[in-house]
Each structure stands twice: as structure tokens, then as C-alpha cells.
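Please look at the sequence and the model shown below before reading on. The report then goes through the strands, the overall form and one chosen residue in turn.

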Amino acid sequence: LIFHKNLLKRDIEHMDDTVEKLSAAEKLAEEILVEKQQVVDFDRRRNTNREALNQLRKGSLKESRKVWMNFGDVFLKLPRASSMSLIEKEQAEMDKAIEETRKNLHEKAERLMALQGEPISEGFKLKGMRL
């Protein structure tokens, strides 16, 4: 009877560990999905900014002295040079945010693979090159 109680106790502890690991893995997977969506949203914003800069430099707005800018719920008419400067600054911030989020994603994916007992391949640690 004592042997069976010890087995039952050990099984319950094992199940508790398994539930904790599964909960941690699920939480990490959810964070990964949220951060992936953040990267997509940041990239869309960056593309919109790139299009705006191209219009200010080469498009129909290149001759304008002042252009309309949208800041949330407010529209302001600003000098073209100031508008370009603001957009370029935001582009740099978007690039930094995307890079940081991708780094966090990579770390979380590594932790998730470790939690799931999957081996981390050497190719997973490669970093992209910028030209």
C-alpha cells in the first residue's frame, strides 16, 4: 500500500510538471504569435512611410512647399522638408523596432524549442545580411 501511494504521489508530481511545461510553452507560443503580428504591423507602417517619402521626393508632391500630414486624429499642413524629416525619423524608429522584435522572436522561439525538447539546428542561429 505504501508503494502504491509513493507511485501515485510521483505520478501526480510528474503530471504537475507536465502541466507547468505545457502552460509555459502555450504562453510562449502566444507571445510569439503576438510579436509576429507586431512585425507585420511595423513593416506595413514602414512601407507606408517609404511610399510617402517617394511621393515627397519624386512624385506629385516634390514641388509643394507644404504638405498635409496625419498625426492620429489630427491633420497638419507642414513644410515639405519638415515632413520628410519626421517620416525619415519614424522610418529609423520602425527599423529599430522591427529589428528588436525579431531578435525577441528568435530568443522566444529558441526557448519554446527547448521547452518542447526539440534540438536547435545550427542554421537557426544564422543572421540575415544587409547590403
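## Strands, overall form and one residue

In this predicted model, strand β1 (residues 66-71) and strand β2 (residues 74-79) run antiparallel and are joined by six bridges. One residue pair can be named here, since Phe 71 has Val 74 in β2 as its bridge partner. Two residues lie between the strands of this hairpin, and Gly 72 takes a positive phi near 70° there.

The two strands belong to a chain that also has two helices, and from the N terminus on the order of the elements is α-β-β-α.

How does the radius of gyration of the chain compare with that of a compact globule of 131 residues? The chain has 25 Å, whereas such a globule would have a value near 14 Å. Along its principal axes, the C-alpha trace spans about 90 × 35 × 15 Å. Of the 131 residues, 19% count as buried, and among the contacts between residues at least 6 apart in sequence, 56% join residues at least 24 apart.

The table gathers some values for the whole chain.

| Property of the chain | Value |
|---|---|
| Accessible surface | about 10,700 Å² |
| Share of that surface belonging to carbon and sulfur atoms | 55% |
| Separation of the mean positions of the 26 positive and 24 negative charges | 8 Å |

Finally, Glu 118 is placed in the segment after α2 (80-115). Glu 118 counts as partly exposed because its relative accessibility is 40%, and its C-alpha atom is separated by 15 Å from that of Glu 26, which is 92 residues apart along the chain.

Methods. Residues are numbered from 1 along each chain as its sequence is written. This is a predicted model: local features need pLDDT of at least 70, side-chain atom pairs count only at pLDDT 80 or more; totals for chains, interfaces and linings use all residues. Side-chain values use heavy atoms; hydrogens and water are left out. Helices (H or I, at least four residues) and strands (E, at least two) are DSSP runs, numbered from the N terminus. Buried means under 20% relative accessible area, exposed over 50%, partly exposed in between (1.4 Å probe, protein chains only). Two strands pair if DSSP finds at least two bridges between them. The radius of gyration is taken over C-alpha atoms; the globule rule is 2.2 Å times the number of residues to the power 0.38. Contact means heavy atoms within 4.5 Å. Accessible areas come from the Shrake-Rupley method with a 1.4 Å probe; for residues, only the protein chains shown count as cover. Lys and Arg count as positive and Asp and Glu as negative; His and the chain ends are not counted. The place of a charge is taken as NZ of Lys, CZ of Arg, CG of Asp or CD of Glu.
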